[in-house]
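User: I am new to this structure. Please explain the terms as you use them.

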Amino acid sequence: MKYESGDKIIVLLTNEEGKVVEIMNEKMVMIEVKGVRFPAYMDQIDFPYFNMFSQKKIVEKKKMYVDNMPKEKGVLRDKKEEGMFICFMPVFDKDVFDDDVVEKLKIYLVNQTDASFTFKYNLLFNGESSFQLTNTIEHLHEFYLHDVNFEDLSDNPRFDVEFSLSNPDKKKAPYYETSLKLKAKQIFKKIEEIKLKNEPTFLYPLFDTYPDKAEEEKVDINKLGNAGFRVYDLSRIKELLPPARSVVDLHIEKLTDSWKHLSNFEILTLQLKTFEKFYDLALAHFQPSLTIIHGVGVGKLRDEIHDILKTKKEVKYFVNQYHHAYGYGATEIFFGY
């Protein structure tokens, strides 16, 4: 191997010096130049020693940074590259025929904006979460996320990312959610394209500019009333709600007289809708507890209700224990406001 981790190198295109930080494969290395890490092919870099002895000494000129240039001259950044991107870098290996095959993809976030962001990243395969990460990416930096095995890309990958400004701005949105869905065919095509162009990575944009805060639409109450809508005083809303119940019996014969023609699915759907209705009413009336009679049977209705209760933040706890009136056929729910 020509290079090892820690070797000093020079980038042939820009004449900048850096160092090797990781050997990726036989053709590529990860290098660091001025604190920024990025992949490079080995024929794009060289050892700096020949350059040091062959170049003529040049009188150092005073450096001029973009920030110090007169404003009227503009910013010397390609607008096409501004924004937030997700970057894919294929890592190649050799198969039994000595052909290059993609072993995995290294995935990065690339922040080509002037702001720093906190992000929540979630990779899903076939709708199920496979990898999650929360961190911060600085402006004009890239952030390595993780590796993905190449064969996993046939499982309908979806990349969900939620961004928020590290330094909140009242004029900007509190957060921005974006999602990228890729098909294996798209990825294969991109890899073939970068191989022809001799490029190490390919990018997909996540956003060009972080969005402004949406203006809240103010509703003119008088116009609604004049248009025929009924307008209520929020302080009297409880007076307009249907009465709540402390005990709800979900036996189907208690809910409808014409239930004999219903399928099991239709019966269960009606029972769950009734449960949700009186659950919401119990919360609206700030009831301390609610008892749901679901019966014993095979436990399908009970299990469905318990699964729903586990997701409700207002539920302090619930129990399905022996009751003198309902046996084991009822669940008591206790709320915490």
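Analyst: Two helices and a pocket are discussed below.

This is a predicted model, where local features need pLDDT of at least 70, side-chain atom pairs count only at pLDDT 80 or more, and totals for chains, interfaces and linings use all residues. Residues are numbered from 1 along each chain as its sequence is written, and side-chain values use heavy atoms, with hydrogens and water left out.

User: Why are H6 and H7 called oblique to each other?

Analyst: The axes of helix H6 (residues 264–284) and helix H7 (residues 300–309) cross at roughly 40° and come within 11 Å. Angles under 35 degrees count as roughly parallel, over 145 as roughly antiparallel, 65 to 115 as roughly perpendicular and the rest as oblique. H6 and H7 are therefore oblique.

User: Which residues of H6 and H7 meet?

Analyst: Contact means heavy atoms within 4.5 Å. Among the residues in H6 that meet H7 are Leu-268, Leu-272 and Phe-275; the H7 side includes Leu-301, Ile-305 and Ile-308.

User: What makes up the lining of the largest pocket?

Analyst: Lining residues have an atom within 4 Å of a point of the pocket. The largest pocket has 27 of them, and Val-36, Phe-38, Glu-81, Gln-112 and Glu-142 lie nearest its centre. Strand E4 (36–41) is one of the elements giving two or more residues to this lining, and E4 provides the largest share, five residues.

Note on methods:
On a 1 Å grid over the protein atoms alone, a cavity is a set of points where a 1.4 Å probe fits but cannot get out, and a pocket is an open set with protein on both sides within 12 Å along at least five of seven lines; lining residues have an atom within 4 Å of a point. Helices (H or I, at least four residues) and strands (E, at least two) are DSSP runs, numbered from the N terminus. Axes are lines fitted to C-alpha atoms, for helices over the stretch in contact, and angles run from 0 to 180 degrees between N-to-C directions.
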